[in-house]
Amino acid sequence: MLYNLILVVFVSGGGSYKVPLSNDMSSDSCYDTRDYVRGGINYLNNLDEPVFYEGKEVEFVDSECVAQKVIY
């Protein structure tokens, strides 16, 4: 199974934005990279001043591995 690594930006009002970081990764490489990215972006979840994305206030930033759909 192949995975895509995505950055997920949760914003005020309950919306979210998904930004692709990498495609076609194996499960092991995706999960390792996801954990590395999470460590690097964690500071964004603890800022004193609000951050805005697409004009909305960012509430939480995370990264996830999403399995690609396989069509036979």
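How many salt bridges does the count come to? In this predicted model, the count comes to three. The paragraphs below set out the overall arrangement of the chain, then these pairs, and then several individual residues.

The protein chain contains one helix and four strands. Along the sequence these elements follow the pattern β-β-α-β-β. Strand β2 covers residues 16–25, helix α1 covers residues 27–41 and strand β4 covers residues 56–67, while β3 is given by residues 52–53. Taken along the principal axes, the box filled by the C-alpha atoms is roughly 45 × 25 × 15 Å. The protein chain has 72 residues, of which 24% count as buried. Among contacts with a separation of 6 or more, 62% come from residues 24 or more positions apart. The exposed area of the protein chain is about 5,100 Å², and 51% of that area is supplied by carbon and sulfur atoms.

The charged side chains of the protein chain comprise 5 positive and 11 negative groups. The centres of these two sets are 9 Å apart. Side chains of opposite charge can pair when their charged atoms come close. One such pair is formed by Arg34 and Asp35, whose closest N and O atoms are 3.1 Å apart. This distance satisfies the salt-bridge criterion because the cut-off is 4 Å. Within the pair, Arg34 is buried, with a relative accessible area of 17%, whereas Asp35 is partly exposed at 43%. The assignment of Arg34 follows from its value of 17%, since buried means under 20% relative accessible area.

Arg38 takes part in a salt bridge with Asp62, with an N to O distance of 2.8 Å. This pair links distant parts of the chain, as Arg38 belongs to helix α1 and Asp62 to strand β4, 24 residues apart. Arg38 is partly exposed, with a relative accessible area of 27%. Asp62 is buried, with a relative accessible area of 14%. A salt bridge is also found between Arg38 and Glu64, where the closest N and O atoms are 2.8 Å apart. Because Arg38 lies in helix α1 and Glu64 in strand β4, this pair ties together parts that are 26 residues apart in sequence. Glu64 is partly exposed, at 29% relative accessibility. Through shared partners, the salt bridges join Arg38, Asp62 and Glu64 into one network.

Ser63 is located in strand β4. Is Ser63 buried or exposed? Ser63 counts as buried, its relative accessibility being 0%. A polar atom of the Ser63 side chain lies 3.3 Å from the backbone oxygen of Arg34. When neighbours within four places in sequence are left aside, the residues in contact with Ser63 are Leu5, Ile6, Leu7, Arg34, Val37, Arg38 and Ile41. Arg34 and Arg38 thus appear in this list, and each is also a salt-bridge partner, Arg34 with Asp35 and Arg38 with Asp62.

Backbone geometry was examined next. Most residues other than glycine have a negative phi. Asp24, which is not a glycine, has a positive phi of about 55°. Asp24 lies in strand β2. Glu54 is likewise not a glycine and has a positive phi of about 55°. Glu54 is found in the loop between β3 and β4. With a relative accessibility of 57%, Glu54 counts as exposed, because the exposed class begins over 50%.

Lys69 lies in the segment that comes after β4. Lys69 is exposed, with a relative accessible area of 82%. The C-alpha atoms of Lys69 and Gly39 are separated by 27 Å, and the two residues are 30 residues apart along the chain.

Notes
Residues are numbered from 1 along each chain as its sequence is written. This is a predicted model: local features need pLDDT of at least 70, side-chain atom pairs count only at pLDDT 80 or more; totals for chains, interfaces and linings use all residues. Side-chain values use heavy atoms; hydrogens and water are left out. A salt bridge is a side-chain nitrogen of Lys or Arg within 4 Å of a carboxyl oxygen of Asp or Glu. Buried means under 20% relative accessible area, exposed over 50%, partly exposed in between (1.4 Å probe, protein chains only). Helices (H or I, at least four residues) and strands (E, at least two) are DSSP runs, numbered from the N terminus. A polar contact is a pair of N or O atoms within 3.5 Å; within protein, one must be able to donate a hydrogen and the other to accept it, and residues adjacent in sequence count only if both atoms are side-chain atoms. Contact means heavy atoms within 4.5 Å. Accessible areas come from the Shrake-Rupley method with a 1.4 Å probe; for residues, only the protein chains shown count as cover. Lys and Arg count as positive and Asp and Glu as negative; His and the chain ends are not counted. The place of a charge is taken as NZ of Lys, CZ of Arg, CG of Asp or CD of Glu.
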